Structures are given as structure tokens and as C-alpha cells.
Amino acid sequence: MRTRLAIRMHALLERHFPERRLFLRSDTDTRFIRLKPGTQLIAFAGGAAVVAWAIIATAILLMDSIGSGNYRDQAMRDQTIYQDRLNAMAEDRDARAEEALAAQDRFTSALDQISVMQSQLLASETRLRELETGIGVIQTTLRKTVKERDTARAEASQMKQTMAEAGAGTGGMGGQDSATMSFLTAALADTAVERDTISSDAQDALLAADEMATELALMRDQNDAIFRQLEEAMTVSIAPLDKMFRNAGMNTDSIIEQVRRGYSGQGGPLTPISLSTMGEEPSPDASRANRILNQLDRLNLYRIAAEKAPFANPVHNNYRFTSNFGYRRDPKTGGRRMHAGVDFAGPVGTPLYATADGVVIHAGWSSGYGRLVKIQHEFGIETRYAHMSKIRVQKGQRVSRGDRIGDMGASGRVTGPHLHYEVRIGGKAINPMTYIKAARDVF
């Protein structure tokens, strides 16, 4: 069986690959190499395999070249789009920063204007009290003058009546009666002069009272205008701050009370107006002024609280916002885990700043965080700044908002240089962007 199969295979090979001889001739000798059908088949198969491999490899290289070119072009287009987006975000951030600086300048200017208006208000209130006191004195003098005038008139009338009765009783005047009459006439003339003087003084007092009443009305109108300006300024200044704290989820009344306990000193420009009312209720202007001063006090407490809460951005230079707060895929393990902060990516050495006033409670290495700075703030708030390349503060150091605390880096468990920024209240992590976004319309 095998012999027949071998014979058939050999015949088939002989038909397509007949036996050939390859002659090799030299000067003295001639030799040949015998190429059997099987050998030719093996050589043909090897050559075909080499050619096929070359064709396939060339096709793969060509397709890979075309594909890599497309990928490279797509990558370049994506990179251009991404760079444009980064530039637009940077321009938007710079514009917001300029708007924040302008808003802060307007806020400072408003505070200065409010201080000037407050001084004008206090001066106007003092002048108003002086005018009211002057009018009271004039009215008292006027009443006394009118009383004296009426008394003089009554005495003059009585003297005339006495003289008339004396002339009718005697029917004539002797020497003594003539002297008495002369004396009475002179006294009557003096009384008339005094009466005219008193009447003239009363008229002058009435005119002065009218002038002072007019000045007082003008003063009240001026005070009302100042009050309205102050009330509008308070509304414009306090409302954004109040909204900022509420958007950050903070109880404004509790914050104001806590700051007030820490700043309970008396005196200064925000001391409530205290005027003697002689047992009477405070005037409407005094009550209105005290309400404005209370609002000024609340505005000042808001300003202090805003410095102590992390409303600022920890990175002032160009950066990329690379990761949100919340659950995300772990780049190391591929699983999902809680991301307790937000990530700002940038070059190594980018300056990092404290986002609020506070005390450094940790400045060193921490597993996973790398080089880490923790700052304790008021209201039970703590901020964390991780993966630094360099720490520029020490534990126990007191820092203010905007103080440089370190440099951006890639220490700890990271895939590249960035800042991992956290905000915690009572040890519980919350979204830091809640504070940053809440302050965008204020600072």
C-alpha cells in the first residue's frame, strides 16, 4: 500500500518537478548536482514561503505606516483641540482672576466710602442735636419774652386806668398831682419802649426759629439721603457674602456668632450711636443709624470669616483640572475608589498657596499622599495639600490666605506631577469646589 502511494507521489512530482542536473564545469573536470523532485519541492515551498512572508510583512508595514500616520494626524488634531481648550480655560481663569481683583477693589472702595459716609452721618447727627437744642432754647426765650410782654401790657393798662380814675376824682391837678402824673407818664413811656423792644426781640426770635427749622429740615433730608446710600451699599455688600457662605453650606448666623466671640472688643468706628434722650425713645434717625452700624458690623464679621474659610484657589499659575471629587477609576488597580479631593496638574515647582488663615498641623511625608501639608482653620475646617515636591512651612506655623506653603510635585502615589487638594469638616471630606465656586462672584 505504501509502495503504491509512494509511486503515485513520485510520479506526480516527476510530472511537475522532473529530475534535473546542475552541471559544474572547471578547467580539468566536469561535475553535476542531481536535483530530485522532492528536493525541488522543498526548495519551491521554501521560496514560496519566503516570498509570501515578504509580501505579508510588506503589507503589514504599509498598513501600519498608513495607520500610524492617521493616528499621528488624529493625535496632533486632538492635541491642538486640547491645547486650544487649555488656552481658553486659562484665558477664562485669568479673566475671572481680573474680575475678582476688580471686585475686591470695588469692595475696598465701598468700605472706604461707607467709612466716610459714617463719619458724615455722625457729624450730621451731632449737628442735628445741636440745632434741636438751639431751637429749644429759642422757644424757651420766646415764651419768656411773650410772657414779659403781656405782663408789661397789663401793667400799662392798669396805670392808664389808675390815671383816669385819679383825674376824674380830683377834677383838676395840683402840683403834687402834676408830679405824680409826670412820673407815671415817664414810667408808661419806658414800659412802652420796653414792650416794643420785647416785641422786636420776639419777632427776631421767630425769624431765627423759622430759619433753624428750615435748616433742620434740610439737614434731615441730607441725613435721609446719606441713610439711603448707606443702606443700598450695605445691601450690595452683604448679600453676595451671605450667598457665598450659604452656597458653601455654612450656617451664617452660627459663623457670625463664632467670629463675634473671637472679636468681642468694643470701640472704633462701628460703635453704636449712643445719645442722651432724657428718658424718651431714640429718634428714628438714631435707630436707623444703629441699624446701619449693625449691618456694618455684620459686614466686617463676614470679611473676617471669609479670610478664615477656604474660599481661595490653591494654585494661581496655569494648571489643568484633572480629577473631580467623588468616586473614580483607580489608575493603578483599575478599580473604583473614593477620591476625597480635586487634582490640579501643572509643572513641578508650581507655587502652592494657603486657601485661608490657619495653623499648620502637619508638614512632612505621609503614605500615599507623599509630601503633605495639613492646615487647621476656624469653624472646624481642615485643608490638605498633597504630592508636593517641596514643603515651605513647618508644623505649628500660623499662615494667612495667599501665603506660599510649598511647590507642586509628584511625591507619593501618583501618575504625574499635580496637587491633590482636600477640604474636610470634622474629619469628613467635602467637595473643595463648593467653596471655590461659591467665591467666584465675590472675590
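Reader: Where does Glu 382 sit?
Author: Glu 382 belongs to strand S10, which covers residues 381–391. Bear in mind that this is a predicted model.

Reader: Is Glu 382 buried or exposed?
Author: Glu 382 is buried, because its relative accessibility is 13% and the cut-off is under 20%.

Reader: Which side chain does the Glu 382 side chain make a polar contact with?
Author: That of Arg 384, at 2.7 Å.

Reader: And what does Glu 382 touch, leaving out residues up to four places away in sequence?
Author: One group is Lys 374, Ile 375, Gln 376 and His 377. Glu 382 also touches Glu 422, Val 423 and Arg 424, as well as Ile 361.

Reader: Lys 374 again: what is its bridge partner?
Author: His 362 is paired with Lys 374, which lies in S9. Strands S8 and S9 (residues 370–376) are antiparallel, with 7 bridges between them.

Reader: How many residues are between the strands in that hairpin?
Author: The hairpin of S8 and S9 has 3. Gly 368 there has a positive phi near 85 degrees.

Reader: What about S8 and S11?
Author: S8 (residues 358–366) also runs antiparallel to S11 (residues 398–399), joined by 2 bridges. Val 359 is opposite Arg 398 of S11.

Reader: Change of topic. How many residues are in the largest nonpolar core?
Author: It has 36, and Phe 245 and Met 250 have the most contacts inside it. Helix H5 (residues 284–308) supplies the largest share of this core, 5 residues.

Reader: And the second core, which residues does it include?
Author: That separate core has 6 residues, among them Leu 131, Ile 135, Met 212 and Leu 216.

Methods. Residues numbered from 1 in each chain as written. Predicted model: local features only at pLDDT ≥ 70, side-chain atom pairs only at ≥ 80, totals over all residues. Heavy atoms only, no water. Pairing = 2+ DSSP bridges. Helix = DSSP H or I, 4+ residues; strand = E, 2+ residues; numbered from the N terminus. Buried < 20%, exposed > 50% of the residue type's maximum accessible area, 1.4 Å probe, protein only. Polar contact = N/O pair within 3.5 Å; in protein donor to acceptor, adjacent residues only side chain to side chain. Contact = heavy atoms within 4.5 Å. Core = buried A, V, L, I, M, F, W, Y, C linked by side-chain atoms within 4.5 Å.
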